[in-house]
Amino acid sequence: RWLMVNASAAGADTNPLGEFGRFFDGPPPASIATAWQMDGGMAVMMAAAALHPGGHPADPGFWLHADYYPDQATLAGTHSVQVAFTGRAIAILGDIGARCCAFGHATVQVDGVPTFDRTGIWQGMDSPARRQPEQVLFAWRWPTSGRHVITIGPAAFNSEQGGSFFQMTGYLVVR
């Protein structure tokens with residue numbers, strides 16, 4: 001079941017080039033998508049296709065109904081960024097590679113609860129070796145619409161990624 005649900009989500013929303021984003025249930029990328037962004041989704045879709053060759057995404061075009069809200073919020077020191085909204089899905093957008101080779105990690109809480117794997121947002125990584133504007137930094141869906149708060153906070157320093165960095169350009173909300 002997990003495999004089929006995630007394969008469905010990965011293939012549900014693609015850009016004109018047929019590329020899907022870094023988040024299986026999120027909107028497609030607005031610009032280029034690299035192999036490291038797409039390889040997990042491709043793997044689950046291939047496995048799902050082998051198990052259920054006639055399958056197709058359950059909710060194609062879900063993000064076409066999203067409203068865009070420009071917001072230039074950034075982390076400053078120890079202060080968090082909060083995005084409060086009413087809806088059933090959110091995607092926070094910003095530039096991948098916005099700050100190369102140094103700071104780039106931020107924590108994420110969904111309605112006051114840290115993400116289950118505590119991965120957060122990794123925005124300043126240098127993997128693509130070029131700035132990718134308007135990429136999905138974080139996406140989340142709920143079964144029904146409601147009032148929600150996403151909190152982006154500073155992360156602990158580590159020797160590989162450095163300290164905290166977060167800079168968004170806006171967010172999408174599906175009501």
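Residues count as buried under 20% relative accessible area, as exposed over 50%, and as partly exposed in between. The structure described here is a predicted model. By that scale Glu134 is partly exposed, because its relative accessibility is 27%. Glu134 is found in strand E6. Its phi is near 55°, a positive value in a residue other than glycine.

Strand E6 covers residues 132–154 and pairs with strand E2, residues 81–96. The two run in the antiparallel sense, and the pairing extends over 14 bridges. Strand E6 also pairs with strand E3, residues 105–110. That pairing is antiparallel too and consists of five bridges. Thr151 of E6 appears in both pairings. It is the bridge partner of Gln82. It is also the bridge partner of Gln109. In general, side chains in a regular strand alternate between the two faces of the sheet.

His105 is found in strand E3. With a relative accessibility of 10%, it falls under the 20% limit and so counts as buried. Its contacts beyond four places in sequence include Thr119, Gly120, Ile121 and Trp122. Ala155, Gly163, Ser164 and Phe165 are also in contact with His105. The loop between E3 and strand E4 (113–114) holds Asp111. Phi of Asp111 is near 50°, a positive value in a residue other than glycine. Asp111 is partly exposed, because its relative accessible area of 38% lies between the two limits.

Tyr171 is found in strand E7, residues 168–174. Its relative accessible area is 12%, so Tyr171 is buried. Residues up to four places away in sequence are not counted among its contacts here. Tyr171 touches Asp67, Tyr68, Tyr69 and Asp71. It also touches Val83, Ala84, Ile90, Ala91, Ile92 and Leu93. Tyr171 and Asp71 are 100 residues apart in sequence. In space, their C-alpha atoms are 7.2 Å apart.

The structure holds one salt bridge. Arg141 forms it with Asp59, and the closest N and O atoms are 3.6 Å apart. The pair links distant parts of the chain, with the two positions 82 residues apart in numbering. Arg141 lies in strand E6. Asp59 lies in the loop between helix H2 (35–51) and strand E1 (67–70). Side chains of opposite charge can pair when their charged atoms come close. Arg141 has 21% relative accessibility and therefore counts as partly exposed. Asp59 is also partly exposed, because its relative accessibility is 32%.

The second largest pocket holds about 210 Å³ of space. Its lining includes Met4, Ala7 and Ser8. Met45, Ala48, Ala49 and His52 also line this pocket. Pro53, Gly55, His56 and Pro57 belong to the lining as well. Helix H1 (2–12) and H2 are the elements that give two or more residues to this lining. By class, the lining residues divide into seven nonpolar and four polar. No charged residue is part of the lining.

Methods. Residues numbered from 1 in each chain as written. Predicted model: local features only at pLDDT ≥ 70, side-chain atom pairs only at ≥ 80, totals over all residues. Heavy atoms only, no water. Pairing = 2+ DSSP bridges. Helix = DSSP H or I, 4+ residues; strand = E, 2+ residues; numbered from the N terminus. Buried < 20%, exposed > 50% of the residue type's maximum accessible area, 1.4 Å probe, protein only. Contact = heavy atoms within 4.5 Å. Salt bridge = Lys/Arg side-chain N within 4 Å of Asp/Glu carboxyl O. 1 Å grid on protein atoms, 1.4 Å probe; cavity = no way out; pocket = protein on both sides within 12 Å on 5 of 7 lines; lining within 4 Å. Points joined across faces, edges and corners; volume = space filled by probe spheres on them. Nonpolar A, V, L, I, M, F, W, Y, C, P; charged D, E, K, R; others polar.
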